[in-house]
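Welcome! Here are a few notes to read alongside the structure, with the enclosed and open spaces as the topic.

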Amino acid sequence: MTQKTPFSAPTVVSVCNLEVQAKNDADELITLVSGINFEVKKGEVLALIGESGSGKTTIALALMGYARHGCRISGGSIQLAGTDVNRLSARQLSQFRGSTVSYIAQSAAASFNPSMTLMDQVVEPVLIHGTMKRADAEKKAVALFRELALPAPESIGKRYPHQVSGGQLQRVMAAMALIGDPEVVILDEPTTALDVTTQLEVLKTFRRVVKQRGTTAIYVSHDLAVVAQMADKILVLLKGQIAEYGTTEDLLHRPQSAYTRSLLDAAQHKPRNSPWQPEEAPLKCLLEVRDLAAGYGPLDADGKPKISILKDINFKLYPGQAIGIIGESGSGKTTLARAIAGMITPSEGYILFNESYLAGDMSARSADELRRVQFVFQMADTALNPSQTIATILQRPLVFFHGLRGKALDARLKQLLDLVRLPHSILHRKPAGLSGGQKQRVNLARALAAEPDLILCDEVTSALDSVVAAAVLDLISELRRELNVSFLFISHDLHAVRSVCDDIIVVNDGKMVTQVSRADYEKPSSHLYYERLKRAVPELRQGWLEEQDADVADLPKVD
């Protein structure tokens, strides 16, 4: 936001020596956050930033008098809009949440009831609290839809969650949070799951609405570039304690903490050296995609899927090369990766691997073909079996593909952990005992266990904070040098793609828009869609968002 808050503005949020504790699996008491002190004045935006597990969301939820299952607010005071939150009864807290303080979650899709219309869900908070009649609530909701720049504000409330885009659903959630006119709004990673152009749209809307309303806000994020556009003050967290606290300008330009400096460094997205040189590329390519088309649903009489996603995709990838696939949500990036992996069968075209045709259906591929192409999923939490130890998870491909047993198996497990820079001690842990970054490294280790030629990475850094994401990108670069493995890197994060990939393929509406080589990354492109993606990536400086009002928004969506 970066607006100047009047000196006389009252303090709306005051936290003093906050402590939250929990019990671990061994029933031992552990401290999640401690010694947390900050104030937020009326109209200010405070950002809570730090890596996964640093305590950001724990603190944000504590402001509502809430602690997750197994946790409790064990110390300190929380004053919010003149209310001592710790002294509220369960019934008072229910009234307090939604009326005095409201919450905008990271994943709107997971937060909405798919069987209820948007209007029913937006007006629900004020109807439950009995503060408005249905007709008045609906009228106010329509005004909020208009204020949040949602299309067809008079009728969008009749739709169901699946009938609007991710960015629209995130703004509908903002309407739900604002309908009760709360004094404090908590925004918990509200744009993390969005692609860059949708994120830009949502950020501009949030910033404008918060500024116009003079709303006091707590903005939880791991993205410093986003925070630079939204916050007046930043509280940097490290392992549940304050690493640094100050104005956005001071933290960006005069950081005092070594950890803050590491966050800033990771946010610079420096390019990694590539071991692959185009002039030295062999004549024989590793992967060739020819005239590929794919989609979902039953096939029609012509053999085409009911829902067509990809059309006429053509490219080549060489041994040791990394190619990035970028585009907005719904552009077909993940569908392309799944088609190459055999998870969905192409309706047209061919996939060649080492100059041999690959069957479109995974079940028709040989064990060796399956071994050579591995997939690393976006969400490590859902990709790893929560009931199995890391040793069991990593053993499966080693036994299945290589028949390892006994000492040879144990030795290879440790080698894999060394490759992905994880301690051997995690072998006996389950995924729940690991951080997000560690789980993603286990995902990579599982793929490497097969000794593949090609790894398909689907948004592998999108759920990670900047420091951990930078470490994973470093790891991918190191693996390329050490193992000469090729990567197809699917992402909506253009900075991440440019930092590790030799070429970028831009996909829009299921079609290839252009292919850009590393040497041309910084050059202006004649393809307006690619330029639009480039300009939508937030820069690590204050004022960048304001500059986009007459820039990105005016670029056409397609060439």
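Which element supplies the largest share of the lining of the largest cavity? It is α7, which gives four residues. Please keep in mind that this is a predicted model.

1. Let's begin with the cavities. The structure holds four of 30 Å³ or more, and the largest has a volume of about 90 Å³. Two or more residues of the lining of this largest cavity come from each of α6 (166–178), β7 (184–188) and α7 (196–213).

2. You can pick out the lining of the largest cavity by residue: I104, L148, A174, L178, V185, L187, F206, V209, V210, R213 and T215. By class, nine of these are nonpolar, one is polar and one is charged.

3. Next comes the second largest cavity, with a volume of about 50 Å³. Its lining is made up of V20, L32, T58, L61, Y66, A67, R68 and C71. Here the classes are six nonpolar, one polar and one charged.

4. Now for an open space. The second largest pocket has a volume of about 770 Å³ and is lined by 43 residues. To find its centre, look for D223, H269, D493, H495 and V537, the lining residues that lie nearest to it.

5. Which elements each supply at least two residues of the lining of the second largest pocket? They are α7, β8 (216–221), α8 (224–230), α17 (466–483) and α18 (494–500). By class, the lining of this pocket has 20 nonpolar, 13 polar and 10 charged residues.

6. One element to revisit is α7: it contributes to the lining of the largest cavity and also to that of the second largest pocket.

Technical notes
Residues are numbered from 1 along each chain as its sequence is written. This is a predicted model: local features need pLDDT of at least 70, side-chain atom pairs count only at pLDDT 80 or more; totals for chains, interfaces and linings use all residues. Side-chain values use heavy atoms; hydrogens and water are left out. On a 1 Å grid over the protein atoms alone, a cavity is a set of points where a 1.4 Å probe fits but cannot get out, and a pocket is an open set with protein on both sides within 12 Å along at least five of seven lines; lining residues have an atom within 4 Å of a point. Grid points are joined across faces, edges and corners, and a volume is the space filled by probe spheres set on the points. Ala, Val, Leu, Ile, Met, Phe, Trp, Tyr, Cys and Pro count as nonpolar, Asp, Glu, Lys and Arg as charged, and the others, Gly among them, as polar.
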